[in-house]
Amino acid sequence: MADLKPKLATVDPVWARICDEAHEAIRAEPLLGGLIHTGLLHHPSLERALSYRMSEKLASSEMSEQILREIADEAYLADPELGGAARADIMAIYDRDPACHRFIQPVLFFKGFQAVQAYRVGHWLWTQGRRDMAYFIQMRVSEVFGVDIHPNARIGKGIMIDHAHSIVIGETAVVGDNVSMLHSVTLGGTGKEDGDRHPKIGDGVLIGAGAKVLGNIQIGHCTRIAAGSVVLHDVPPCKTVAGVPARVVGEAGCAQPSVSMNQVIPDEA
């Protein structure tokens, strides 16, 4: 007798919740039915939906939606970690952003999330030696979303970039897991030096709006960088830094600054 094996469906609670929310959104606002069906419900998985969304946003007269969609589908198929990182990013945004009330919001509406997912595809292209195509993705992300992330930068999962306008992340920058940053953050160099020249951001770091972290420096795990600071030197783990140039002004105040999102520095600091 043939050996019969049961077919088990893959359990994907993030995608299941997105689909449930999509149906609810259509009931509440039927005029968005076309967008939600084509952007979400028409697709069998989150990865396919992200490929569609990215290609629709980044397509231009220079590169068709179909070509970009095929590239993204190839990336998600070749590297399952891309889809895992996207799910972690969605959950991070939902958990940390008080303006995010549903999982569908980042996928449909939040340019920080969309820019990071497009960067992830561009980074995959870079690792495959397809650097010109990776540069094209970087260019279009910058033009469409106002977010400029070099495809060679290394970014972990569970990333929240709130508002995301004017984010710049340089070629040799490294961003750990569970990092939160606000708009106008720069992870840049200090001049024309070549080689490894950009910051290394540890896990759980919170970077406030307008902060500039410059040079090949180490930012310790679970550190908090105050809004508007200019960080030019290494920062130990679990500290708060503020000022121009930034200096340590106290402890981080909690175990996970990127999760608590508390950006208020006590007066005694």
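**Strands, helices and a pocket**

Colleague: Starting in the middle of things, which residue in E14 is the bridge partner of Ile 225?
Modeller: The bridge partner of Ile 225 in E14 is Val 241. Please keep in mind that this is a predicted model. The pairing belongs to strand E12 (residues 224-225) and E14, which run in the parallel sense and are joined over 2 bridges.

Colleague: And what does Val 241 stand opposite in E15?
Modeller: Val 241 stands opposite Val 248 in E15, and Thr 240 stands opposite Gly 250 there. Strand E14 (residues 239-242) and strand E15 (residues 247-251) are antiparallel, with 4 bridges joining them.

Colleague: How many residues sit between the strands in that hairpin?
Modeller: The hairpin of E14 and E15 has 4 residues between its strands, and Gly 243 takes a positive phi near 110° in it. Pro 245 is also found in the loop between E14 and E15, and the peptide bond that joins Val 244 to Pro 245 is cis, with omega at about -5°.

Colleague: Why point those out?
Modeller: Because most residues other than glycine have a negative phi, and most peptide bonds are trans. There is another residue to mention here, His 163, which is not a glycine and yet has a positive phi of about 70°. His 163 lies in the loop between E3 and strand E4 (167-169).

Colleague: OK, back to the strands. What's the order of the sheet with mixed pairing?
Modeller: That open sheet has 6 strands in the order E3-E6-E9-E12-E14-E15, and its pairing is mixed. Strand E3 (160-161) and E15 each have a single partner strand, so they stand at the edges, with one side of each left without a neighbour in the sheet. Within the sheet, strand E6 (residues 180-181) and strand E9 (residues 206-207) pair in the parallel sense over 2 bridges, and Met 181 stands opposite Ile 207 in E9.

Colleague: What about the sheet of 5 strands, what order do those take?
Modeller: The order is E1-E4-E7-E10-E13, again an open sheet, and the pairing is parallel. Its edge strands, each pairing on one side only, are strand E1 (147-149) and strand E13 (230-231). Strand E7 (residues 186-188) and strand E10 (residues 212-214) run parallel and are joined by 3 bridges, and the partner of Gly 188 in E10 is Leu 214.

Colleague: Switching to helices: at what angle do H1 and H2 cross?
Modeller: Helix H1 (residues 13-28) and helix H2 (residues 33-41) cross at roughly 170°, with axes that come within 10 Å, and they are therefore roughly antiparallel to each other. On the H1 side the contact is made by Trp 15, Ile 18, Cys 19, Ala 22, His 23, Ala 25 and Ile 26, while H2 contributes Gly 33, Ile 36, His 37, Leu 40 and Leu 41.

Colleague: How does that contact divide into nonpolar, polar and charged?
Modeller: The contact of H1 with H2 has 9 nonpolar and 3 polar residues, with no charged ones.

Colleague: How do H7 and H8 cross?
Modeller: The axes of H7 and helix H8 (residues 131-145) come within 8 Å and cross at roughly 170°, which makes H7 roughly antiparallel to H8. The residues in contact include Ala 115, Ala 118, Leu 125 and Trp 126 of H7, together with Met 133, Ile 137, Val 141 and Phe 145 of H8. By class, the contact of H7 with H8 divides into 10 nonpolar, 2 polar and 2 charged residues.

Colleague: Last topic, the largest pocket. How much space lies in it?
Modeller: The largest pocket holds about 290 Å³ of space. It is lined by 13 residues, and those nearest its centre are Glu 81, Leu 82, Arg 120, His 123 and Ile 155.

Colleague: Which elements give two or more residues to the lining?
Modeller: Those are helix H5 (80-96), helix H7 (111-127) and strand E2 (154-155). H7 gives the most to the lining, with 5 residues, so to speak the helix we just met in the contact with H8.

Colleague: And what classes of residue make up the lining?
Modeller: The lining of the largest pocket has 5 nonpolar, 3 polar and 5 charged residues.

Terms used. Residues numbered from 1 in each chain as written. Predicted model: local features only at pLDDT ≥ 70, side-chain atom pairs only at ≥ 80, totals over all residues. Heavy atoms only, no water. 1 Å grid on protein atoms, 1.4 Å probe; cavity = no way out; pocket = protein on both sides within 12 Å on 5 of 7 lines; lining within 4 Å. Points joined across faces, edges and corners; volume = space filled by probe spheres on them. Nonpolar A, V, L, I, M, F, W, Y, C, P; charged D, E, K, R; others polar. Axes fitted to C-alpha atoms, helices over the stretch in contact; angles between N-to-C directions. Parallel < 35°, antiparallel > 145°, perpendicular 65-115°, else oblique. Contact = heavy atoms within 4.5 Å. Pairing = 2+ DSSP bridges.
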